[in-house]
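Subject: Structure handover

Dear colleague,

Here is the structure we discussed. My notes on the ligand site and the cysteines follow it.

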Amino acid sequence: MTRSIRPLVAGNWKMNGLQSVLAEFDLMGAGNDVCIRRSVDLMICPPATLISALAHAAIGQGIAIGAQDCHSKDNGAHTGDISAQMLADAGASAVIVGHSERRADHGETDASVRLKAEAAYRNGLMAIICVGETRAERVAGKTLAVVRRQLKGSVPDGMTARDIVIAYEPVWAIGTGLTPTAKDVEEVHALIRADLKKIVGKDEAQKVRILYGGSVKPSNARELMSVANVDGALVGGASLKAEDFLGIAAAFH
Ligand code: PGA
């Protein structure tokens with residue numbers, strides 16, 4: 001399949017990973033062969049404690065390092081928080097914002113996600129902005145309305161395709177082994193592409209990468225990644241093992 005957009009496979013390690021995981025990361029670098037490098041960008045988003053070490057280990061490996069969240073301010077009296085400026089300083093080149101686990105666990109709203117995406121932009125980080133409906137919202141037939149509202153509220157104006165990536169992650173598919181049908185994914189991704197035109201303009205909207213996330217694994221990656229307007233994957237559980245992560249990346253060649 002010929003792609004006009006260079007795909008991205010990003011691993012979200014969530015709250016997993018101690019210093020000992022460096023060995024697994026080295027395996028990812030070693031397995032990132034010329035076939036994969038030619039066809040897809042790879043990124044790992046470890047917990048903040050590992051960003052600096054992995055950014056160092058990633059030199060020459062063709063794997064970018066991202067973070068999982070940032071504060072909307074660059075510094076100040078915010079105990080326990082980490083700013084986009086600090087993440088960039090530690091070696092991250094991107095940050096996930098608005099993941100459904102942050103929206104649910106920390107009450108993050110579209111407005112706060114948008115401020116975080118702006119902070120990422122200010123500090124030269126690409127923002128991976130997550131949207132996606134819950135099981136109840138899907139059952140109630142509200143999927144498209146929810147995604148639309150999240151997109152409109154969470155994506156800052158004036159962004160380019162270098163500044164943002166959108167990740168569509170149905171909440172009910174995360175960590176459950178369940179995935180939407182290819183047709184359902186296609187419908188939502190087409191809607192995201194169309195709505196992005198109104199937010200970032202027609203030309204940039206054609207270039208923004210729209211990732212699918214939620215129970216992506218080597219066995220279903222090829223099917224999911226061949227859906228129209230799916231420009232890569234945001235991978236949780238399966239990104240913790242080099243073999244699985246690279247197996248997903250292999251879906252692109
Ligand atoms: P999963 O997580 O691949 O384990 O379902 C995806 C995510 O939350 O980004």
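The ligand is surrounded by 13 residues (a residue counts if one of its heavy atoms lies within 4 Å of the ligand), and the closest are Lys14, His99, Glu169, Gly175 and Ser215. Please note that this is a predicted model, in which local features need pLDDT of at least 70 and side-chain atom pairs count only at pLDDT 80 or more, while totals for chains, interfaces and linings use all residues. Residues are numbered from 1 along each chain as its sequence is written, and side-chain values use heavy atoms, with hydrogens and water left out.

By class, the shell holds seven polar, four nonpolar and two charged residues. In this scheme Ala, Val, Leu, Ile, Met, Phe, Trp, Tyr, Cys and Pro are nonpolar, Asp, Glu, Lys and Arg are charged, and the others, Gly among them, are polar.

Backbone atoms approach oxygen atoms of the ligand at several points. A backbone N or O atom of Gly175 is 2.7 Å from a ligand oxygen, and a polar backbone atom of Ser215 is also 2.7 Å from one. For Gly236, the distance from a backbone N or O atom to a ligand oxygen is 2.8 Å. The protein buries 95% of the 280 Å² that the ligand exposes when taken alone (Shrake-Rupley method, 1.4 Å probe).

As for the cysteines, a search of the whole structure gives zero disulfides (pairs of cysteine sulfur atoms within 2.5 Å). The sulfur of Cys130 is too far for a bond, because the closest cysteine sulfur, in Cys45, is 9.3 Å away. Cys130 is buried, with a relative accessible area of 2%, whereas Cys35 is partly exposed at 31% (buried is under 20%, exposed over 50%, partly exposed in between; 1.4 Å probe, protein chains only).

Regards

Technical notes
A polar contact is a pair of N or O atoms within 3.5 Å; within protein, one must be able to donate a hydrogen and the other to accept it, and residues adjacent in sequence count only if both atoms are side-chain atoms.
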